Amino acid sequence: MITGAGRSLVVAAPGSVSLAASGLSSPAEGELSVRPKLVGLCGTDLEIIDGRIDPAYVRYPIVLGHEWCGVVEGGQEGEQLVVGEGVVPCGHCQRCRQGRTNLCETYDEVGFTRDGAAAPEIRVPRSLVHVLGPAADPAAAVLAEPAAVVYQALRRAAPAPGWRVLVIGDGTIGLLGALLSGLWSPAVVDVVGTRADQAELASRAGADSFRPPEPAPGADYDLVIEAAGSPAAVVSALAAARRGGVVLLLGLPTHGHETPFAVADAVNRDLAIHASFSYTSSAFAEVVALLSSRRLDPSFIVTHRFPLEEWSQALEVLRQPIGERGKVVLEMEPG
Ligand SMILES: [Zn+2]
Ligand SMILES: [Zn+2]
């Protein structure tokens, strides 16, 4: 049943993005209708817009918005802030049964294969909606999704207290990498970035140092988080890990691009290289608990806010950062 109308940020096909009228319909059985408050934009949205993403992981037309927080329409949740897991697992395939819901045999993800939150409403399976604590800050909540991506990877790396951590990349994922690695009590967190304007944000994320890629950092890090997504950054990450160290690949280079690296060096140095995709339900739930308790507060990473109508300026800031720039968000309602 169509009950009203609003506007959604739609990518009709690669290269074609616009605000389009959309109807509001009643949620289906087992779904909740959520009114988005804030929607985060990231490099992956640009890849969807440009058609640079692996076609197996997107469908067009698609409403953007895989990072969001909002309020359930007419639910018992009242005006409490909610977030939702973006990956929609089938629940019965072998991987789902193992708890590895990020690897569900049927890939289905909000903002990629089903419509995202840059819209008057988003429909989410009830089981994937998480209510945040009453003190939750929307600017922190909107980062739940990218924080879960980083948390999933870190949990897999299982850092020991006292580890030396290097983060390569000064975007949101890099900043979250520095911030979340703090949960494992590292001795040192160094951040390498190409944009000097990010130094203050890196420091607030807990970085002990922030420096450019050259000269190359020493090869003595227990854990290296690659969050830049460029071939050069991947090579630097592999070179900076100590013998027996762990390298987490979180950056997403353009689909089809290849990165040559010295395999013999990686073998001789006994590296554990983890490429990490998305997050499991349990990783997302743990991030929600950290946000609810404010043990994790990434809200400072939101540096730019635009009303939905100014979506093109928001995308421009995302493409061409000037000065300090963390997460760019769209405000879905006034105030
Ligand atoms: Zn994202
Ligand atoms: Zn499944």
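Q: At about what angle to β9 does helix α5 run?
A: In this predicted model, helix α5 covers residues 172–181 and lies across β9 (164–168), β10 and β12 (221–226). Against β9, the direction of α5 makes an angle of about 165 degrees.

Q: Which strand does helix α7 meet at about 145 degrees?
A: Helix α7, residues 231–240, packs on the sheet too, and its contacts there are with β9, β12, β13 and β14. The angle of about 145 degrees is the one between the directions of α7 and β13 (241–249).

Q: Which strands are the edges of the six-stranded open sheet?
A: Let's walk along the order, β11-β10-β9-β12-β13-β14, where the pairing is parallel. On average, neighbouring strands are turned by 15 degrees against each other, direction ignored. An edge strand pairs on one side only, and that picks out β11 (209–211) and β14 (272–275).

Q: Which residue of β11 is the bridge partner of Val192?
A: Strand β10 spans residues 188–192 and is joined to β11 by three bridges, with the two running parallel. In β11, Val192 has as its bridge partner Arg211.

Q: Which helix gives the largest nonpolar core its largest share of residues?
A: This core has 53 residues, and those with the most contacts inside it include Leu154, Leu223 and Ile225. At least three residues come from each of domain 1 (2–143 + 298–331) and domain 2 (150–275). Leu223 touches Leu154, Ala157 and Trp163, among others. The largest share, nine residues, comes from residues 144–157, helix α4.

Q: How many residues are in the other core, the one with Val34 and Leu315?
A: This core lies apart from the largest one, and Ala117 and Val328 are also among its members. Its residue count is 36.

How values were computed
Residues numbered from 1 in each chain as written. Chains lettered and ligands numbered in written order. Predicted model: local features only at pLDDT ≥ 70, side-chain atom pairs only at ≥ 80, totals over all residues. Heavy atoms only, no water. Core = buried A, V, L, I, M, F, W, Y, C linked by side-chain atoms within 4.5 Å. Buried < 20%, exposed > 50% of the residue type's maximum accessible area, 1.4 Å probe, protein only. Helix = DSSP H or I, 4+ residues; strand = E, 2+ residues; numbered from the N terminus. Domains from an automatic or database assignment. Contact = heavy atoms within 4.5 Å. Pairing = 2+ DSSP bridges. Axes fitted to C-alpha atoms, helices over the stretch in contact; angles between N-to-C directions. Lists of a residue's contacts leave out its neighbours within four places in sequence.
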